Amino acid sequence: MRKLAIEKTETLVLTKRKERSPTQAAFRQLMKNKVAVGSGIFLILLIFVTLFVDNSLIALVTKQEIKPLIAPYHFAKTSFIENNAPPGGKFLLGADYLGRDLLSRTLYGARVSLSIAFVASSVSLVIGIIYGLISGYFGGLIDNIMMRIVDYLYGIPFTVFVILMQVVFKAFARRGQATGLMGVLLKANSSMGGMLFLFIAIGLLNWVGMARIARGQVLSYKEKEFVEAARAVGSSDTRIIFRHLLPNILGPCIVRETLMIPTYIFYEAFLSFIGLGVNPPTPSWGIMISESVQGLRSYPFQTFVPGIALTITTLAFNFLGDGLRDAFDPRLRGE
Amino acid sequence: MTKYIIRRILLFIPVLFLLILTTFVLVRIIPGGPFDFVGDRSLPPQVVANLEEKYHINDPIWKQFIDYLWDLISKGDLGPSFRYRGRTVNEIIKESLPISAQLGFLSLLLAIFIGIPAGIIAALKQNSWFDYSSTFVAVIFRSIPNMVLGPLLIWLVALKLGWLPVARWGSLPPFFLGFLPKINMEFFKHAILPAFALGTAYSAGVARLTRGSLLQVIREDYIRTARAKGLSERMVITGHALKNSLIPVITYIGPVFAAVLTGTFIIEHIFGIPGMGKHFITSIGNRDYAIIQGVMLVYSIVLIMTNLLVDITYAWLDPRIRYK
């Protein structure tokens, strides 16, 4: 018998090492960062909570009555016999001085914080990038003028400006009656619980830093060969800016903006704390802390529940932002 | 150098003017005058007319602005408070600004004296457990807002452990030289908690920045040269690396100072400290626009001055900046 020699040929497995785009490589790098991934998952959950804390999103379609979905109670539902109720029992995390459920208010409060984080960063990103693109791409006199404007705006103490804007907005909102554009704004603002004016006040100046970063990025790319090639085949300025430069500078800009988000959340909490934020009874973590801090001796949980929520959220954004930066823009590490 | 400083100062004058103008206009376009009381508290029209006459509210707005600007420049006068009868904004600021400055200064010192050593150790022992844990702790410190850390410290240290007083400030006016407190146990006992609540977050920032910049500097050629000529490691770090690595930290001090100042709004409110921030929050509630305007202006001036100072220090430390 012939020996059946099953030759197991050691085929050299020539699986080609998958080519990865820089984005994919960075994404894999990010996935290795456990803390950043955990923070990302937490934030996605938080976004989910914000969207479905009550059925207002579903009610947009079905036109049904708005009632709490994830939150056990409505944020403004008071119960005077149960004011300052300790955690446990009917109120899982206790109740505040008006007998409002702290858990519900904290969940609703996430809505304000995340909206600010989202809107302020988007506004800053859009305006800043467009401004920086134009300024950096065209250069010369245009660049000079646009950057002098930015220098001036940069000199304005930002907090002072936001506070003043909110003082004025609040005064108009209190007056209530207005016509034309202001009337429309006021109506939209009160239906959003005072958030619209916060968006405007915080978004109005925050793009300045982003404009500088975007301009710097543009300057480093616009002399590259691919831009020259695009120009050689006759692409218009608009096309070069939006098809060739924008995709390249978007990544670093988004990473920087993520790192700014905790600042926006602090701003909202700060303004609400000093009474220039959202309108009561809309819950915001800043308002909840400022309302409860006087009763710290007797009811510390009333301060700590929103406080922990605020801390964990900013912590998650910081960890995620650091992770994104390390993965996508390693040059910035340790800056 | 002198030319640079003059140029920077000239650049700041228009910013300051624009700021004064903006604050003035914004406060004036707020609907309703300061003497519009509603219901029982409303004043008879003659009284309102007299009050408006006294405070020059009927004048055309450009004249009001010129008067305001003139009073501000010639006498540093910020005008009367609309709600505290018979008190001027100047008096209120003069009493409360030193307290805020003391608190802010202590927090800043804390941030620097914790942050810089921590950053240096983390950089020198890069990738050690100290480095990792301090980086981790720094992110946590950075993420705890002072409005959370303040109550936490009060609850833990003052209420549960009873080591330090819960609130108030340990020194009251009159101050030595206008702003220095009497240094005694009472002062420090009251100052420790608020200064910690305010300074911790920035100590994290300072540490991060010091670490990053020192790591960059110790890879430079001149450090290798210093080592090559046989200097002790200690001399290399303290004599050569440190000065240059602290340059970025100094630019960070400006924004930190700004943040510490505005942070005093919250910390003063939480700790019941009678500083400028507390007055500010009260005057927002009272809609005392004269105080809002005055306080905002003082803050702006302080902030702009700080930025100017930081820029000058920066240029002094790093000659490359001057000749740009």
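1. Chain B of this predicted model contains 13 helices and zero strands, and reading along its sequence gives the pattern α-α-α-α-α-α-α-α-α-α-α-α-α. Of the 324 residues in chain B, 38% are buried. When contacts in chain B between residues at least 6 apart in sequence are considered, 73% of them join residues at least 24 apart.

2. Chain B also touches chain A, in a contact that takes 37 residues from chain B and 38 residues from chain A. On the side of chain B that touches chain A, at least two residues each are supplied by α1 (2-29), α5 (129-143), α6 (146-160), α7 (185-217), α10 (247-271), α11 (276-286) and α12 (289-317) of chain B. Sorted by class, that side of chain B has 28 nonpolar, seven polar and two charged residues.

3. Turning to chain A, a reader may wish to look at helix α2 (residues 34-52), which has 19 residues and reaches 27 Å from its first C-alpha to its last, close to the 27 Å expected at 1.5 Å a residue. The buried residues of α2(A) are A36(A), S39(A), L46(A) and T50(A), and because they cover an arc of only 80° around the axis, they lie on the same side of α2(A). An α-helix has 3.6 residues a turn, so residues three or four places apart point the same way.

4. The two sides of α2(A) can be followed further in the model. The buried residues of this helix pack against α1 (22-32), α4 and α12 (300-328) of chain A, whereas K34(A), I41(A), I44(A), L45(A) and F48(A), on the other side of α2(A), are exposed.

5. A second place to examine in chain A is the packing of helix α4 (residues 102-138) with helix α5 (residues 140-155), where the axes are 6 Å apart and make an angle of about 140°. Angles over 145 degrees would count as roughly antiparallel and those of 65 to 115 as roughly perpendicular, and α4(A) and α5(A) are therefore oblique to each other.

6. At the residue level, α4(A) brings Y131(A), S135(A), G136(A) and F138(A) to this contact, while α5(A) brings G140(A), I142(A), D143(A), M146(A) and M147(A). By class, the contact of α4(A) with α5(A) has five nonpolar, three polar and one charged residues.

Notes. Residues numbered from 1 in each chain as written. Chains lettered and ligands numbered in written order. Predicted model: local features only at pLDDT ≥ 70, side-chain atom pairs only at ≥ 80, totals over all residues. Contact = placed C-beta atoms within 7 Å. Helix = DSSP H or I, 4+ residues; strand = E, 2+ residues; numbered from the N terminus. Nonpolar A, V, L, I, M, F, W, Y, C, P; charged D, E, K, R; others polar. Axes fitted to C-alpha atoms, helices over the stretch in contact; angles between N-to-C directions. Parallel < 35°, antiparallel > 145°, perpendicular 65-115°, else oblique. Expected span 1.5 Å × (residues − 1). Buried ≥ 20, exposed ≤ 12 C-beta atoms within 10 Å, placed from the backbone. Arc of directions from axis to C-beta.
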